[in-house]
Amino acid sequence: MKTSVPAVAVWGRRAPSHSITAMLITDDQHTIVTGSQEGQICLWDLSSDLEVSSKEILFGHTASVTCLAKARE
């Protein structure tokens with residue numbers, strides 16, 4: 001049985017802004033990837049009943065993420 005672990009992020013009183021500028025859905029359609037104007041990349045779980053929940057937030061870009069592409073496997 002696969003166990004699910006919720007993502008945990010720690011920040012101040014407010015979550016960071018995430019103005020979506022790019023979006024990608026994985027081939028298995030279980031993960032949505034969003035890029036933001038603030039330079040973050042977020043991974044979201046997409047359940048079979050179309051519920052979306054946060055998975056990970058990646059920081060590090062110094063400019064807007066305006067394009068996302070899947071790398072070859």
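This report walks through the strands, the sheet and the nonpolar core of a small set of elements in a predicted model.

Let us start with the overall make-up. The protein has 4 strands and 0 helices, so to speak a β-β-β-β run when read from the N terminus. A few whole-protein values set the scene:

| Property of the protein | Value |
|---|---|
| Residues counted as buried | 21% of 73 residues |
| Accessible surface | about 6000 Å² |
| Share of that surface on carbon and sulfur atoms | 54% |
| Contacts joining residues at least 24 apart, among those at least 6 apart in sequence | 32% |

Now to the sheet. The 4 strands form an open, antiparallel sheet in the order 1-2-3-4. Its edges are strand 1 (20-25) and strand 4 (52-58), each of which pairs on one side only. From one strand to the next, the twist averages 25°. Strand 1 is joined to strand 2 (residues 31-36) by 5 bridges in the antiparallel sense. In one of these pairings, Ala-22 has Gly-35 of strand 2 as its bridge partner.

Ala-22 also takes us to the interior, as it belongs to the largest nonpolar core. Its companions there are Val-33, Ile-41, Leu-43, Val-65 and Leu-68, giving 6 residues in all. In soluble globular proteins, nonpolar side chains tend to be buried together.

Ile-41 is a good residue to look at next. Beyond its neighbours within four places in sequence, Ile-41 is in contact with the core members Val-33, Val-65 and Leu-68. The other contacts of Ile-41 in that list are Thr-34, Glu-56, Ile-57, Leu-58 and His-61.

Notes: Residues are numbered from 1 along each chain as its sequence is written. This is a predicted model: local features need pLDDT of at least 70, side-chain atom pairs count only at pLDDT 80 or more; totals for chains, interfaces and linings use all residues. Side-chain values use heavy atoms; hydrogens and water are left out. Helices (H or I, at least four residues) and strands (E, at least two) are DSSP runs, numbered from the N terminus. Buried means under 20% relative accessible area, exposed over 50%, partly exposed in between (1.4 Å probe, protein chains only). Contact means heavy atoms within 4.5 Å. Accessible areas come from the Shrake-Rupley method with a 1.4 Å probe; for residues, only the protein chains shown count as cover. A nonpolar core is a set of buried Ala, Val, Leu, Ile, Met, Phe, Trp, Tyr and Cys residues joined through side-chain atoms within 4.5 Å. Two strands pair if DSSP finds at least two bridges between them. Axes are lines fitted to C-alpha atoms, for helices over the stretch in contact, and angles run from 0 to 180 degrees between N-to-C directions.
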